[in-house]
Amino acid sequence: MAKLILSGDLSIFRIEMVVRILEALKFDGEVALEAIERGTLFMLQGKVVGARVAMHEGMAALVPMVAQRVGTFSVRQLSADEVTRHADLAALPDNAAIFRQVHALLAQGRFASVPPAQGAPQPAPASPGHASAAPASPAQPARPKPTATGPLARIPELTDKGKVTLRSIQTNFALRGVQVDADTWRVLAKIDGQQTLFSISELIGITGERYGQAVDQLLADGYIRFRVHDPTLEQLTKRTESKFRFGEYMVAKGVITEVQLEGALRRQQELARRGRYMWLGEILIEMNYARPSHVQEALAVQKRMGG
């Protein structure tokens with residue numbers, strides 16, 4: 001029988017943070033999400049080897065799980081034989097490689113794999129040591145992915161009112177199975193402060209005037225606001241009172257996410273308490289959040305500014 005060993009709030013502990021804790025413990029078991037996107041990821045010896053949501057498995061299921069910002073999680077211990085594996089996740093060498101691919105897909109606005117009729121076949125569940133095979137579909141010419149421009153390039157984020165409201169909806173869904181299907185709530189459930197309006201529209205399948213009305217309603221009711229995100233250095237330094245902030249610069253350039261910055265800063269503080277002092281750039285490289293070239297670029301900018 002699965003043994004509950006940990007639970008928490010996704011608004012405080014992101015799935016990636018939970019996985020890193022369990023990785024250190026060489027954990028065998030599952031992490032279940034009670035969120036708008038309900039799902040389960042599976043770990044073997046601290047590595048993610050499987051994931052499942054209602055309609056997808058493997059990487060296609062893990063991506064929307066990592067994107068969740070509201071809901072709860074619970075960790076249960078299983079025997080190695082009870083752990084579900086999916087070939088695409090099990091084939092990756094470690095969690096760092098898995099999450100690099102997850103963040104790359106999130107940056108593209110992709111929360112699910114392409115349906116088999118349009119692209120590569122989805123992997124089926126695989127038993128330990130066996131990868132499932134699917135018949136190849138005829139090759140289709142690749143189509144360029146559309147990009148967001150104009151108003152749809154804006155990035156919405158939840159206000160405090162929006163967070164409380166969404167948490168209430170999630171609680172009703174988790175406890176009583178009550179799900180709100182209105183356009184406004186479908187939009188609200190996918191806002192994480194990182195995706196553009198364009199990406200959210202693609203995700204939920206609502207476009208045009210109908211989508212615009214839902215966004216305008218959420219804005220008018222005070223559930224969302226638009227994040228100011230100008231990648232130029234002038235705007236960044238103005239926001240930080242002309243003092244160069246290495247971490248904020250890395251976030252503004254899109255090298256790392258705010259969640260990753262928070263994790264690196266916590267790591268820096270933890271090491272300092274142990275008497276080991278590391279510069280933030282070193283920690284970002286150590287945690288596989290940034291490449292040395294990214295850090296060197298930021299250092300060059302910092303030097304030019306005299307920060």
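Let me start with one pair of residues: in strand β3, T40 is the bridge partner of A32. Before going on, I should say that this is a predicted model, in which local features need pLDDT of at least 70 and side-chain atom pairs count only at pLDDT 80 or more, while totals for chains, interfaces and linings use all residues. Residues are numbered from 1 along each chain as its sequence is written, and side-chain values use heavy atoms, with hydrogens and water left out.

The strands here (E, at least two residues) and the helices (H or I, at least four) are DSSP runs numbered from the N terminus, and two strands count as paired if DSSP finds at least two bridges between them. Strand β2, residues 29-34, runs antiparallel to β3 and is joined to it by five bridges. On to the next strand: β3 also pairs with β4, residues 47-53, again in the antiparallel sense, over six bridges, and there M43 stands opposite V48.

How much of β3 is covered? Five of the six residues in this strand, which spans 39-44, are buried, where buried means under 20% relative accessible area with a 1.4 Å probe, protein chains only, exposed means over 50%, and partly exposed lies in between.

Now to the turn. β3 and β4 form a hairpin with two residues between them, and Q45 in that turn has a positive phi of about 55°. G46 also sits in the loop between β3 and β4. Is G46 buried or exposed? G46 is buried, because its relative accessible area is 1%. If we leave aside neighbours within four places in sequence, G46 is in contact (heavy atoms within 4.5 Å) with L22, E23, K26, F27 and N95. The C-alpha atoms of G46 and A24 are 6.7 Å apart, although the two residues are separated by 22 residues along the chain. One of those contacts, K26, comes just after α1 and takes a positive phi of about 55°. In α1 itself, the buried residues include I15, V19 and L22.

That brings me to the interior. A nonpolar core is a set of buried Ala, Val, Leu, Ile, Met, Phe, Trp, Tyr and Cys residues joined through side-chain atoms within 4.5 Å. The largest such core has 30 residues, and those with the most contacts inside it are V31, L41, L62 and V102. At least two residues of this core come from each of α1 (15-24), β2, β3, β4, α2 (59-66), β5 (72-77) and α4 (95-107), and α2 gives the most, with six. Taking L41 as an example, its contacts beyond four places in sequence include I15, V19, V31, V48 and L62. Apart from this core lies another, of 19 residues, among them V70, I200, I206 and I224.

Finally, a stop further along the chain. Q302 is found in helix α13, residues 292-305, and counts as buried because its relative accessible area is 17%. Its C-alpha atom is separated by 8.5 Å from that of R245, with the two positions 57 residues apart along the chain as the spacing.

To close, which residues line the second largest cavity? The lining consists of R14, E16, V66, R69, H103, Q194, T257 and V259, and E16 is also one of the buried residues of α1.

Technical notes. 1 Å grid on protein atoms, 1.4 Å probe; cavity = no way out; pocket = protein on both sides within 12 Å on 5 of 7 lines; lining within 4 Å.
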